[in-house]
Amino acid sequence: MSIRIVIADDQAMVRAGLKLVVESESGMEVVGEAADGIEAVAVTRRTKPDIVLMDISMPRMDGLSAARQLLDWPDPPKVVMLTTFDTDENLYAALRAGTSGFLLKVSPPEQLVEAIRVVVGGDALLDPAVTTRVIASFAGRHDPAPPPQLSELTPRELEVLRFLARGLTNAEIAAELFVGEATVKTHVARVLMKLHLRDRAQAVVFAYESGVVRPGASVR
């Protein structure tokens, strides 16, 4: 089955360029376009895509506000934010909103295609260096009390959460723990379920905001 995609950007040329890249790939289909946040919500509701490529800065309703609306639905699409500027504030806001990633508009076409496949496959589009820096900077400004749902995690699941917070892939976590990738996938799924989180991106934010991982601290 094709990956169904909605493109939301207020610049027609940008939308055309993204559509050209996406539809040059087999197994991908652009099912809708939008020029602002309000239209993005309406088009997404009508077409029910797998993923929305959402510009952060748009008229009438900005991309972050539109993303928050979409991600509050019972069975939301994945959302990847698009922007011209790699600012810490935008990235942190996008991750806190529950988006699955963040991509610069100047990224090469192959990176866009890979991003779509990664996110639809259930992973998050996170650059470990950027993600750790940004979330540690914003979430590390206070000394939070551990949320009660942390008590539901086993010691191994808590360890996996710490590795997720550092941006490690399943393969890298498996190597650290000397277990198979299938075992890591099971641990990750249980962590997300117990903490009521949508995906790995939200797990990273949760880990820093809850004090599970602190800026500059070691994982173990």
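**Entry 1: a helix pair to begin with**

I started with the way two helices cross, and I noted that α1 passes α5 in a right-handed crossing. The model I am reading is a predicted one, and I keep that in mind for every entry below. For the geometry of this pair I looked up the angle, and helix α1 (residues 12-23) packs with helix α5 (residues 109-120) at about 70 degrees, their axes lying 10 Å apart. Since angles from 65 to 115 degrees count as roughly perpendicular, α1 and α5 are therefore described as roughly perpendicular to each other.

Which residues of α1 and α5 meet? From α1 I listed Leu-18, Val-21 and Val-22, and from α5 their counterparts Pro-109, Leu-112, Val-113 and Ile-116. Sorted by class, the residues of this contact between α1 and α5 are seven nonpolar, with no polar and no charged ones.

**Entry 2: the whole chain**

I then stepped back to the protein as a whole, in which I find ten helices and five strands. Of its 220 residues, 49% count as buried. I also looked at how far along the sequence the contacts reach: among those between residues at least 6 apart, 66% join residues at least 24 apart.

**Entry 3: the sheet**

In what order do the strands of the open sheet lie? Reading across the five strands, I wrote down β2-β1-β3-β4-β5, with parallel pairing. At the edges stand β2 (28-34) and β5, each of which pairs on one side only. Direction ignored, neighbouring strands of this sheet are turned by 25 degrees against each other on average.

Next I followed strand β1 (residues 3-8), which runs parallel to β2 and is joined to β2 by six bridges. Two of the positions I checked along this pair are Ala-8, which stands opposite Ala-34 in β2, and Val-6, whose bridge partner in β2 is Gly-32. Strand β1 is mostly covered, as five of its six residues are buried.

**Entry 4: helices on the sheet**

Coming back to the pairing of β1 with β2, which has six bridges, I asked what lies against these strands. Helix α2 (residues 37-47) packs on the sheet and touches β1, β2 and β3 (51-55), its direction making about 140 degrees with that of β2. Helix α5, already met in my opening entry, also packs on the sheet, where it touches β1, β2, β3, β4 (78-83) and β5, and its direction makes about 130 degrees with that of β3.

**Entry 5: α2 with α3**

How are α2 and α3 set against each other? I found that α2 and helix α3 (residues 63-71) pack at an angle of about 25 degrees, with 8 Å between their axes. Angles under 35 degrees count as roughly parallel, so α2 is roughly parallel to α3. Their crossing is right-handed.

On the α2 side the contact is made by Gly-37, Val-41 and Thr-44, and on the α3 side by Ala-66, Gln-69 and Leu-70. By class I noted three nonpolar, three polar and no charged residues in the contact of α2 with α3.

**Entry 6: α7 with α9**

Further along the chain I looked up helix α7 (residues 155-165) and helix α9 (residues 181-195), which pack at about 95 degrees with their axes 9 Å apart. That angle makes α7 roughly perpendicular to α9. In α7 the residues Arg-156, Glu-157, Val-160, Leu-161 and Leu-164 meet His-187, Val-188, Arg-190, Val-191, Lys-194 and Leu-195 in α9. The contact of α7 with α9 holds six nonpolar, one polar and four charged residues.

**Entry 7: two single residues**

I closed with two residues, of which Leu-104 is found in strand β5 (residues 101-104). Is Leu-104 buried, exposed or partly exposed? Its relative accessibility is 26%, so Leu-104 counts as partly exposed. I also noted that Leu-104 and Met-81 lie 23 residues apart in sequence and 8.3 Å apart in space, C-alpha to C-alpha.

The other residue is Gln-202, which I located in helix α10 (residues 200-209). Because buried means under 20% relative accessible area, Gln-202 counts as buried at 17%. Leaving out residues up to four places away in sequence, Gln-202 touches Gly-98 and Leu-197.

Conventions. Residues are numbered from 1 along each chain as its sequence is written. This is a predicted model: local features need pLDDT of at least 70, side-chain atom pairs count only at pLDDT 80 or more; totals for chains, interfaces and linings use all residues. Side-chain values use heavy atoms; hydrogens and water are left out. Helices (H or I, at least four residues) and strands (E, at least two) are DSSP runs, numbered from the N terminus. Buried means under 20% relative accessible area, exposed over 50%, partly exposed in between (1.4 Å probe, protein chains only). Contact means heavy atoms within 4.5 Å. Axes are lines fitted to C-alpha atoms, for helices over the stretch in contact, and angles run from 0 to 180 degrees between N-to-C directions. Angles under 35 degrees count as roughly parallel, over 145 as roughly antiparallel, 65 to 115 as roughly perpendicular and the rest as oblique. A crossing is left-handed if the near helix is turned anticlockwise from the far one by less than a right angle, and right-handed if clockwise. Ala, Val, Leu, Ile, Met, Phe, Trp, Tyr, Cys and Pro count as nonpolar, Asp, Glu, Lys and Arg as charged, and the others, Gly among them, as polar. Two strands pair if DSSP finds at least two bridges between them.
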